[in-house]
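The following paragraphs offer a guided reading of one protein chain. Please keep the sequence and the structure in view while following the text.

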Amino acid sequence: MKQLIHLKSTIIPSVTGPIRYSPLARVFLLAAVLFACLPLSQTARAANPARGTLATSASGGAIDGVQNFSNTALLRPAPTIITFDVPGAGTGPGQGTLSFAINPAGTVTGRYVDASDVFHSFLRTRDGAIATFDAPGAGTGPGQGTTAFSINPPGTITGRYSDASDVLHGFLRTPDGAITTFDVPGAGTGPGQGTFAGNINSPEAIAGRYVDASDVVHGFLRAPDGTITTFDAPNAGTGPGQGTIVFAVDCLNPAGAIAAASLDESDVFHGVLRAPDGTMTTFDAPGAGTGPFQGTFTFGINQAGTIEGAYVDPSDVSHGFVRAKHGAITTFDVPGAGTSPGQGTIATCNNPVDAITGYYIDGNDVTHGFLRTP
């Protein structure tokens, strides 16, 4: 259950020293946050058929369809991959640059770890200009510092920072560089406790989780005016590490709906949908296991209210799922996904037209990406 071990570790992040991820844990972290998908309109899809789809005409037949597709492909620019390192990023194990999210303007945000294992945040604009920043009060020891997780269309960023005592706090950074820090009422003040802000939408509402003095996890929503509302799923456990978990990057949609997960008193995970009016619905994907750290995980919600995620079955194998706005759940497995414990399919992000990306682990424990079209 390697991916579950990593998921559990993200609930109450350890900030008492340099964070070292296993190779598989790094893959999960990247998969879960790098694919903050750019909006894709139906108009754009109609004007630019996906590669591999024939653009047929009413009179052309199959040959004309192939020709039209070929012309369309030739007119479109070839995809390019741009790599970059933030100035000041370290070059040792566990150091370097980690991108978490991208907005429609092409601005990327994330964090970098310097040669002293301190975390700092950055934003990279579409023209390649990179600006770095630290939240006021961020610690400067190994494993401390600032991590930006999510960026909205106007360019406002949210994330968390750990202070010199390893306590977590939330922050909001506006496009002009002004940073506001905040703490959720009831957040603990011990190492690894505090406020974890991970999602921001267009109106600048922020969603995330906080860890209280008893190491119990709770969800929160910060309104654009700064008002904070906390919430707990009906079935959330109250023991250390249990509670209501809101993961990072795209678990808050523009309408204010939140996708979350709960860990109950038996350490079983369940899906949670919190509607904009505060109503909460819990759900389980068909086939989800009921043993410790099995169950249903939610990793995102799009504008239409579609939720994607993964569930772990009684054999500790992962499978992808999609939950439609009205509650219908579709499960799926990527061809080639492994069927042994710790293997399988994990869906991590969906865009406005329900294209889903994620990763799968094959029978040899090798990780691969996937895209599931609408």
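Leaving aside neighbours within four places in sequence, threonine 146 is in contact with Arg111, Phe119, His120, Ser121, Phe133, Asp134, Ala135, Ala138, Arg160, Tyr161 and Phe171. The model in which these contacts are found is a predicted one. Threonine 146 belongs to strand 5, which spans residues 145-151. Is this residue buried or exposed? Its relative accessibility is 0%, so threonine 146 counts as buried, the cut-off for that class being under 20%. Its side chain also has a polar partner: one of its polar atoms lies 3.0 Å from the backbone nitrogen of alanine 135.

The loop that leads to this strand presents another setting. Proline 142 is located between strand 4 (130-133) and strand 5. With a relative accessible area of 43%, proline 142 is partly exposed. Its C-alpha atom is 8.0 Å from that of phenylalanine 119, although 23 residues separate the two along the chain. Phenylalanine 119 is also among the contacts of threonine 146.

Attention may now turn to the nonpolar interior. In soluble globular proteins, nonpolar side chains tend to be buried together. Here the largest nonpolar core comprises 27 residues, and Val246, Ile258 and Phe269 have the most contacts inside it. Two or more residues come from each of strand 10 (206-211), strand 11 (217-222), strand 14 (258-263), strand 15 (269-274), strand 17 (295-301), strand 18 (307-312) and strand 22 (356-361). Strand 14 gives the most, with four residues. Valine 246, leaving aside neighbours within four places in sequence, is in contact with residues including Ala207, Phe231, Cys251 and Ile258. A second core, separate from this one, has 16 residues, among them Phe133, Ile157, Tyr161 and Val249. Phe133 and Tyr161 also appear among the contacts of threonine 146.

Two loop residues deserve notice for their backbone geometry. Most residues other than glycine have a negative phi. Valine 249, a member of the second core, has a positive phi of about 95° although it is not a glycine. This residue lies in the loop between strand 13 (243-245) and strand 14, and its relative accessible area of 7% means that valine 249 is buried. Aspartate 215 likewise is not a glycine, yet has a positive phi of about 65°. Its place is in the loop between strand 10 and strand 11. Aspartate 215 counts as partly exposed because its relative accessibility is 27%.

How values were computed: Residues numbered from 1 in each chain as written. Predicted model: local features only at pLDDT ≥ 70, side-chain atom pairs only at ≥ 80, totals over all residues. Heavy atoms only, no water. Buried < 20%, exposed > 50% of the residue type's maximum accessible area, 1.4 Å probe, protein only. Polar contact = N/O pair within 3.5 Å; in protein donor to acceptor, adjacent residues only side chain to side chain. Contact = heavy atoms within 4.5 Å. Core = buried A, V, L, I, M, F, W, Y, C linked by side-chain atoms within 4.5 Å.
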